[in-house]
Amino acid sequence: MEAMLEHHDGIALFTICRPEKRNAINFAVMEALEEAMEQAAADRQVKVFAITGAGSEAFCSGGDLSEFGHLRGTEARQMLMRMGELLYRLLTFPKPTVALVNGTAMGGGCELATACDFRFAKEGSRIGFVQGRLGITTGWGGASMLFAKLPYGRALDLLLRAEPMTAEAMEACGWIDAILSAERWHEQWRERLAPYAARSLSVLQAYKAAAGEKWRTTWFREQFFAEIARCAELWGSDEHEQALRPFLRKN
Ligand SMILES: CCCC(=O)SCCNC(=O)CCNC(=O)[C@H](O)C(C)(C)COP(=O)(O)OP(=O)(O)OC[C@H]1O[C@@H](n2cnc3c(N)ncnc32)[C@H](O)[C@@H]1OP(=O)(O)O
């Protein structure tokens with residue numbers, strides 16, 4: 001089982017279950033996420049959609065480089081566009097969404113979390129938009145979302161540094177909404193989400209419709225998918241191939 005969907009008190013919790021790969025996203029996880037979002041959007045008992053990673057090490061280490069690293073040309077572009085479509089759907093989800101960053105978040109793992117309305121991180125988590133060190137850029141719409149959600153200079157700084165940051169630094173730049181205790185992690189994120197889950201579905205959906213207006217503009221959608229197309233071009237570059245070598249040698 002690569003991922004699972006559970007329900008707790010109005011919260012649909014989607015967990016990526018690949019701790020041995022630090023919860024890297026492969027095609028099976030994409031499919032599971034798509035199904036989970038469809039179910040959670042349609043289920044009137046669900047008030048909040050939350051995403052986390054299995055185990056105590058990682059939220060999500062991004063795209064599965066052992067599976068995606070072999071993709072070239074059209075295949076790479078299709079993979080990036082497919083996940084981009086999913087993150088766009090998550091960005092415009094009709095109910096509040098939250099990334100429960102329970103450990104390391106790297107690359108596409110940060111893009112996944114950026115698509116959510118809120119990001120709560122477990123203390124000690126390391127978070128990095130590291131794509132720039134791999135000879136690529138954010139490939140799932142992460143930069144477009146970051147520029148829209150954070151002050152311009154802070155967003156650009158994270159992308160250009162392309163390095164793992166502490167949870168405290170990510171809170172200071174506005175990416176993390178709250179750092180929660182490692183010992184009381186499960187209790188604390190439930191406490192944080194309980195007031196949202198207590199609201200009526202019609203109130204939640206009305207606020208999310210208002211929030212979603214800016215993401216639905218033609219301008220934003222074009223920028224979002226143009227970003228993905230640029231990453232697809234870099235995917236076949238020598239710099240990216242060299243960065244992938246350690247992963248490809250193993251698989
Ligand atoms: C496609 C959109 C753009 C992207 O997402 S590009 C991918 C960006 N992500 C990365 O570059 C992250 C690469 N991974 C890392 O830096 C580290 O593994 C990480 C996440 C900091 C965790 O470090 P540690 O806790 O020390 O664990 P580790 O390095 O020993 O890894 C444990 C096993 O997990 C594997 N793994 C980690 N991230 C992966 C990934 N993204 N794709 C495929 N496999 C991945 C890693 O190879 C290792 O496997 P093994 O046990 O040696 O067989």
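**Helix α9, the sheet and the cores**

In this predicted model, the elements that cover the buried residues of helix α9 include α3 (73-91) and α8 (185-198). The residues of α9 that are buried are L201, L204, K208 and G212. Viewed down the helix axis, these buried residues of α9 fall within an arc of 65°, so they line one face of the helix. S202 and Y207, by contrast, are exposed on the other side of α9. The length of this helix can also be checked: α9 runs over residues 201-212, and at 1.5 Å a residue its 12 residues should span 16 Å, which agrees with the 16 Å that separates its end C-alpha atoms.

Helix α3, already met as part of the cover over α9, also contributes to the interior. The largest nonpolar core has 62 residues, and those with the most contacts inside this core are F49, L112 and W175. The largest share of this core, 9 residues, comes from α3. When residues up to four places away in sequence are not counted, F49 touches residues including L5, A12, F14, L33, A36, M37 and A40, and also L90, F93, P96, T97 and V98. Apart from this core lies another one, of 13 residues, which has L13, V48, A178 and W189 among its members.

The next element to consider is the sheet. Strands of a sheet pair through backbone hydrogen bonds, either parallel or antiparallel. Here 4 strands form an open sheet in the order β4-β6-β8-β9, with mixed pairing. Strands β4 (58-60) and β9 (165-166) stand at the edges with a single partner strand each, so one side of each is left without a neighbour in the sheet. The partnership of β9 can be followed residue by residue: strand β8, residues 126-128, is joined to β9 by 2 bridges, and the two strands run antiparallel. Within this pairing, I127 stands opposite M165 of β9.

It remains to ask about the cysteines. A disulfide is a covalent bond between the sulfur atoms of two cysteines. The structure holds 0 disulfides. For C17, the closest cysteine sulfur is that of C60, and because the two sulfurs are 12 Å apart they are too far for a bond. C116 is likewise in no disulfide, its nearest cysteine sulfur, again that of C60, being 11 Å away. Are these two residues, C17 and C116, buried or exposed? C17 is buried, with a relative accessible area of 14%, and C116 is buried too, with a relative accessible area of 1%.

Technical notes:
Residues are numbered from 1 along each chain as its sequence is written. This is a predicted model: local features need pLDDT of at least 70, side-chain atom pairs count only at pLDDT 80 or more; totals for chains, interfaces and linings use all residues. Side-chain values use heavy atoms; hydrogens and water are left out. Two strands pair if DSSP finds at least two bridges between them. The expected span of a helix is 1.5 Å times one less than its number of residues. Buried means under 20% relative accessible area, exposed over 50%, partly exposed in between (1.4 Å probe, protein chains only). The arc is that of the directions from the helix axis to the C-beta atoms. Contact means heavy atoms within 4.5 Å. A disulfide is a pair of cysteine sulfur atoms within 2.5 Å. A nonpolar core is a set of buried Ala, Val, Leu, Ile, Met, Phe, Trp, Tyr and Cys residues joined through side-chain atoms within 4.5 Å.
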